[in-house]
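Notebook, one sitting with a single model. I wanted to check the annotated spans, then the ring contacts, then one helix.

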Amino acid sequence: MFASSITAFVSPAAGGSGIPEVKAYLNGVDAPNVFSLRTLAVKVIGNIAAVSSSLHVGKAGPMVHTGACIAAIFGQGGSRKYGLTCRWLRYFKNDRDRRDLVTIGAGAGVTAAFRAPVGGVLFALESLSSWWRSALIWRSFFTTAVVAVVLRLFIELCGSGKCGLFGKGGLIMYDVSTIFDDLMTYHLKDIPIVVLIGVIGAVLGSLYNLLMVKVLRVYSMINDRGGAHKLLLAAAVSILTSCCLFGLPWFAPCRPCPMGGTPSPPPNGTCHSLNRFRRFHCPAGHYNDLASLFLNINDDAIRNLYSTGTNDVYHPGSMLAFFVASYALGVLSYGVVAPSGLFVPIILTGATYGRLVAMLLGGHSGLDHGLVAILGSASFLGGTLRMTVSVCVIILELTNNLLLLPLVMLVLLISKTVADSFNSSIYDLILQLKGLPHLDGHAEPYMRQLTVGDVVTGPLRAFNGVEKVGTVVHTLRTTGHHAFPVVDEPPFSPAPVPVLYGLVLRAHLLVLLKKREFQLTQERCPKDYTAGRFLAEDFDKRGSGKHDAIADVLLSPEEMEMYVDMHPFTNTSPYTVVETMSLAKALVLFREVGLRHLLVVPKSCGVSDKSSMIKTNQPLVHFATKLQIFPPLLARSQELRNKSKITLHDRSDPLSLQRSPVVGILTRHDFMPEHILGLHPVLLGNRWKRLRWQKGAVAKHFWSLLRWLAS
């Protein structure tokens with residue numbers, strides 16, 4: 001309740017794992033207050049409270065967010081609000097360096113959570129980063145190496161036990177290489193069982209993602225009603241978790257202590273501590289296997305399940321009960337307004353189902369149950385998170401056993417491939433649920449048949465090179481755009497027609513308005529005009545979620561009639577594409593370069609006659625003809641193309657026949673499938689779709705399989 005309270009009333013952005021928000025930021029979406037100092041404090045304190053309260057959540061996701069927050073605070077120059085600033089940090093106040101720092105910080109968070117330095121680098125590369133440079137590899141590796149050294153230092157300092165459970169097991173959290181080494185073997189005949197585990201993990205992972213999304217939608221409606229409902233939801237989940245933890249073990253049978261570690265039970269009646277058995281209500285010399293899983297911290301429960309040579313320690317009924325409870329609590333606990341992760345509960349649930357599969361197979365499998373539990377964790381991680389390389393390395397670093405490498409690789413590839421045919425990864429689904437416009441690394445098939453001119457919408461707002469202050473203020477107040485084309489008209493243009501000069505940002509316009517560097521006449525300023533009037537710090541990137549507002553700018557009526565020269569503050573080399581360029585190619589350019597705005601220029605700036613307009617629509621005409629949807633799609637495209645133009649001259653002027661030097665601006669929103677399919681709904685029925693198993697197809701193949709088995 002304490003974790004939910006501080007999250008709900010102090011920093012709501014600290015709720016959840018934070019990995020979807022970090023992934024969205026590294027993709028180009030800067031959500032408000034995600035990396036603030038307040039979010040960092042609530043994330044650390046709330047995660048400690050939530051995990052230590054035995055809520056079925058993990059610590060890995062919040063630690064990734066914590067590392068990203070620390071890096072982002074360095075990248076924005078510290079915190080002026082709390083007086084934590086350093087002058088040298090101003091060199092990182094740009095988008096590129098801040099993005100690199102957040103990537104490195106996220107990898108450091110994974111390393112701190114699992115004590116897996118190489119896995120942390122690969123996790124940031126595979127799952128989080130959208131733009132990866134070679135320099136980031138050694139920087140991330142250096143950072144994770146420092147994390148590993150610091151962890152080792154604290155483990156040695158806490159060796160006397162004065163730090164509680166911290167550091168137990170050293171840098172290898174679930175070491176299975178030194179216990180019963182001869183049991184960690186497998187043969188070629190065991191490969192079908194490994195394939196079966198991968199397929200089952202994929203199906204369970206896809207179902208887990210589906211249920212998670214549906215539960216999060218319900219929780220979102222409850223949380224939108226106010227802080228009291230958030231706390232009531234957290235209390236309900238906490239009570240349900242307590243009922244499972246303390247109620248279900250009463251139904252489990254008591255089992256005699258195994259004699260493998262000691263010749264006789266200790267005097268106090270508890271079992272040998274190798275598997276951290278719990279006596280619960282059992283008599284002396286006995287243990288409750290279900291309580292040994294429920295009444296342990298997640299790390300100890302995972303160690304229990306990964307332990308080799310313990311095939312007879314757990315009852316199949318207890319395994320089934322713990323699997324169902326862990327699966328359900330993992331789905332129900334994540335949406336609570338508190339810092340919570342998914343990684344550790346998924347590992348625990350997967351290990352449980354792996355043990356259960358090994359028990360059901362019985363003598364048909366020669367694999368040790370601890371080995372199958374590790375493979376179950378890998379398959380469930382692949383089925384939910386859809387990661388392969390990073391998860392494989394993290395599991396190997398967790399278990400310290402390279403013998404598992406071929407099996408873990410096979411299980412991850414099978415589970416990811418099968419699960420991808422049902423739905424997306426859990427992080428991608430949460431991104432969609434939060435409304436964060438994340439751009440995938442691939443273009444949808446129908447984008448190859450569209451041009452950028454088919455998705456540009458208008459009207460376009462543009463400024464003259466020397467614009468009236470009142471016009472600038474009115475445009476900023478009536479629009480939410482973050483960039484505007486700057487078009488030079490005669491006599492400022494080098495040609496007798498309007499010429500695109502560049503792109504000016506909204507933030508820079510606000511700086512100009514606040515500085516009040518205006519002039520009385522509409523003329524260009526001298527080249528040395530900005531010297532002494534503006535500093536580089538005036539245009540630095542602001543902190544995460546912090547932006548200047550036009551409402552803060554108050555100007556007199558006399559100032560509104562003056563002019564401002566935008567030429568010294570305009571980016572004269574923005575990225576541009578021709579309006580006939582393929583939408584798929586434009587998406588690749590937009591994402592790989594990390595753009596925020598992409599200008600669309602006409603193919604020809606000559607006279608805009610009817611023949612040239614029809615020529616520019618040839619790709620769309622060809623596509624529409626193939627689908628037999630020519631009239632509505634082409635009419636919609638022509639309508640959007642007409643709306644996207646700007647008029648800089650009066651129609652009575654002969655120059656009005658000249659096309660505008662810019663057709664429109666493409667932003668992230670224009671590449672989203674929802675936007676494209678909203679403009680062209682006829683594409684919903686086309687045959688170019690990614691392979692997805694539908695409910696009817698799944699039921700059909702399932703009954704066909706049953707009939708085949710029966711015959």
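**Annotated spans.** I looked up the "transmembrane region" annotation in UniProt, where the entry is unreviewed; the record gives residues 101–124, 136–155, 191–211, 231–252, 313–335, 342–361, 373–395 and 402–419. The model I compared it with is a predicted one. I took two of the spans for a closer look. Residues 342–361 are 95% helix and 0% strand, with 29 Å between the end C-alpha atoms. Residues 373–395 are 83% helix and 0% strand, and there the end C-alpha atoms lie 12 Å apart.

**Aromatic pairs.** I then listed ring contacts and got 13 aromatic pairs for the structure. I opened Phe294 and Phe322: the ring centres are 5.0 Å apart and the planes stand at 70°, so I logged the pair as edge-to-face. An angle over 60 degrees is what puts a pair in that class. Which helices does this pair tie together? Phe294 lies in helix 10 (residues 289–294) and Phe322 in helix 12 (residues 316–333), so the pair ties together parts 28 residues apart in sequence. I checked burial for both rings: Phe294 has 7% relative accessibility and counts as buried, and Phe322, at 3%, counts as buried too.

Next I took Tyr327 and Phe380, which form a tilted pair with 5.9 Å from centre to centre and 40° between the planes. Tyr327 is in helix 12 and Phe380 in helix 14 (residues 369–384), so this pair links parts of the chain 53 residues apart. Tyr327 is buried at 10% relative accessibility, and Phe380 is buried at 1%. I also noted that Tyr327 and Phe380 belong to one aromatic cluster with Tyr208, Phe323 and Tyr353.

**Helix 3.** I checked the length of helix 3 (residues 37–52) against expectation. Its 16 residues, at 1.5 Å a residue, should span 22 Å; the end C-alpha atoms are 23 Å apart, which agrees. Which residues of helix 3 are buried? I found Thr39, Leu40, Val42, Lys43, Gly46, Asn47 and Ala50. I kept the general rule beside this list: an α-helix has 3.6 residues a turn, so residues three or four places apart point the same way. I then asked what the buried residues of helix 3 pack against. They pack against helix 1 (2–9) and helix 4 (60–75). Last, I looked past the end of the helix: Ser54 follows helix 3 and has a positive phi, near 70°.

Terms used
Residues are numbered from 1 along each chain as its sequence is written. This is a predicted model: local features need pLDDT of at least 70, side-chain atom pairs count only at pLDDT 80 or more; totals for chains, interfaces and linings use all residues. Side-chain values use heavy atoms; hydrogens and water are left out. UniProt positions are given in the numbering used here, feature names are shortened, and annotations may be inferred rather than shown by experiment. Helices (H or I, at least four residues) and strands (E, at least two) are DSSP runs, numbered from the N terminus. Rings of Phe, Tyr and Trp (its six-membered ring) pair if their centres lie within 6.5 Å; planes under 30 degrees apart count as stacked, over 60 as edge-to-face and the rest as tilted. Buried means under 20% relative accessible area, exposed over 50%, partly exposed in between (1.4 Å probe, protein chains only). The expected span of a helix is 1.5 Å times one less than its number of residues. Contact means heavy atoms within 4.5 Å.
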